[in-house]
Amino acid sequence: GVDPLNGEILAMIGERLILDEPNGEFNRVTNAQRQPGSSFKPIIYATAIEQGGYTQADVVVDEAVSFPQPNQPNWEPDNHDNTFIGARTLREHLNISRNIPLVKLVEAVTPEAVAARSQSLGYATVQPFLSIALGSFEVTPLQHASAMGAFMNGGVHVEPHIISRVEDVEGNVLWEPQPRETQVWTEQTAYIMLDLLRANVADGGAFSRRAQVGEHWIGGKTGTTNDDRDIWFV
């Protein structure tokens, strides 16, 4: 868990501990590189809203598409269920996690624009390709949680850190972190994204709805990779 207001890492589980077995050395939170899949879609939505002038009520058609690639066959992305549902609002497309509308958004605002915003959020390995619409690069759980937290902080991303301060025996502060703060989104875009992510939990697919906790305000996005090797909720 990361506090989006100041970047403090409140808790992490780096590995699954097994009784009577020695602890490992691999911290999955900070070191596991995994594809985020559809859980990356909010970053694309935010870029489209802020730079492309889109709204969550805009209609985009979910249909078969084909994109030329140099020295390779055309790229023909698909949806998770291998079907197309036609014209729906962007809000509806996010709720049921359609892929084709997201690829269209990346094409419209350019992969370079999405990659630039992503890198400002700490996604160091993002490259400007259309396939970033499907979360086809690798991130750590810490990077992903921290980046998504900017929506809860008025669009400001705060670099995550694990040490709050260092004191001497008398309580004098010897060192305090100075995490980098970056205004990645406007406050308006961050607010719209919070509304979309809340809707995704309240009205979206079965997996997202399971994240609801009583009357608490919960927002987020699911994501899976091929063969369900990695399953996310951020």
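**Core, loops and a pocket in a predicted model**

The largest nonpolar core of this chain holds 38 residues, and those in contact with the most other members are Ile43, Ile44, Tyr45, Leu121, Tyr123, Phe151 and Trp185. At least two residues of this core come from each of helix H2 (41–51), helix H3 (90–95), helix H4 (100–109), helix H5 (111–120), H6 and H7. The model described here is a predicted one. In soluble globular proteins, nonpolar side chains tend to be buried together.

Trp185 offers a good place to start looking around the core. Leaving aside residues up to four places away in sequence, Trp185 touches Ile43, Ala46, Thr47, Glu50, Arg117, Leu121, Ala150, Phe151, Gly154 and Gly155. Of these partners, Ile43, Leu121 and Phe151 are themselves among the core residues that touch the most other members.

Arg117, another partner of Trp185, leads on to helix H5. There, the buried residues are Pro111, Ala113, Val114, Ala115, Arg117 and Ser118. The cover over the buried residues of H5 includes H2 and H4. Just after the helix, Gly122 adopts a positive phi of about 100°.

Two further positive phi values belong to residues other than glycine. Most residues other than glycine have a negative phi, and most peptide bonds are trans. Thr110, in the loop between H4 and H5, has a positive phi of about 85°. Its relative accessible area is 31%, so Thr110 counts as partly exposed. Ser97 sits in the loop between H3 and H4, and the phi of Ser97 is positive too, near 55°. With a relative accessible area of 13%, under the 20% limit, Ser97 is buried.

Ser97 is also one of the contacts of Ser38, a residue of the loop between helix H1 (28–31) and H2. Ser38 has a relative accessible area of 15% and is therefore buried, the limit being 20%. Beyond residues up to four places away in sequence, the contacts of Ser38 are Ser97, Asn99, Leu134, Lys221, Thr222, Gly223 and Thr224. Ser38 thus links its own loop, between H1 and H2, by contact to Ser97 in the loop between H3 and H4.

Attention now turns to empty space. Rolling a probe the size of a water molecule over the atoms shows where empty space is left. The second largest pocket encloses about 330 Å³. Its lining consists of 15 residues, of which Met148, Met152, Gly219, Gly220 and Val234 are the closest to the pocket centre. Two elements, helix H6 (141–148) and helix H7 (187–203), each give two or more residues to this lining. By type, the lining comprises 12 nonpolar residues, three polar ones and no charged ones. H6 and H7 therefore have a part in both settings, as each also supplies at least two residues of the largest nonpolar core.

For the chain as a whole, eight helices and 10 strands are found. Its radius of gyration, 19 Å, is close to the 17 Å given by the globule rule for 234 residues, so the chain is as compact as a globular protein of that length. Along the principal axes, the C-alpha atoms fill a box of roughly 65 × 45 × 45 Å. Of the 234 residues, 41% are buried. Finally, among contacts between residues at least 6 apart in sequence, 61% connect residues at least 24 apart.

Notes: Residues numbered from 1 in each chain as written. Predicted model: local features only at pLDDT ≥ 70, side-chain atom pairs only at ≥ 80, totals over all residues. Heavy atoms only, no water. 1 Å grid on protein atoms, 1.4 Å probe; cavity = no way out; pocket = protein on both sides within 12 Å on 5 of 7 lines; lining within 4 Å. Points joined across faces, edges and corners; volume = space filled by probe spheres on them. Helix = DSSP H or I, 4+ residues; strand = E, 2+ residues; numbered from the N terminus. Nonpolar A, V, L, I, M, F, W, Y, C, P; charged D, E, K, R; others polar. Core = buried A, V, L, I, M, F, W, Y, C linked by side-chain atoms within 4.5 Å. Buried < 20%, exposed > 50% of the residue type's maximum accessible area, 1.4 Å probe, protein only. Contact = heavy atoms within 4.5 Å. Rg over C-alpha atoms; globule rule 2.2 N^0.38 Å.
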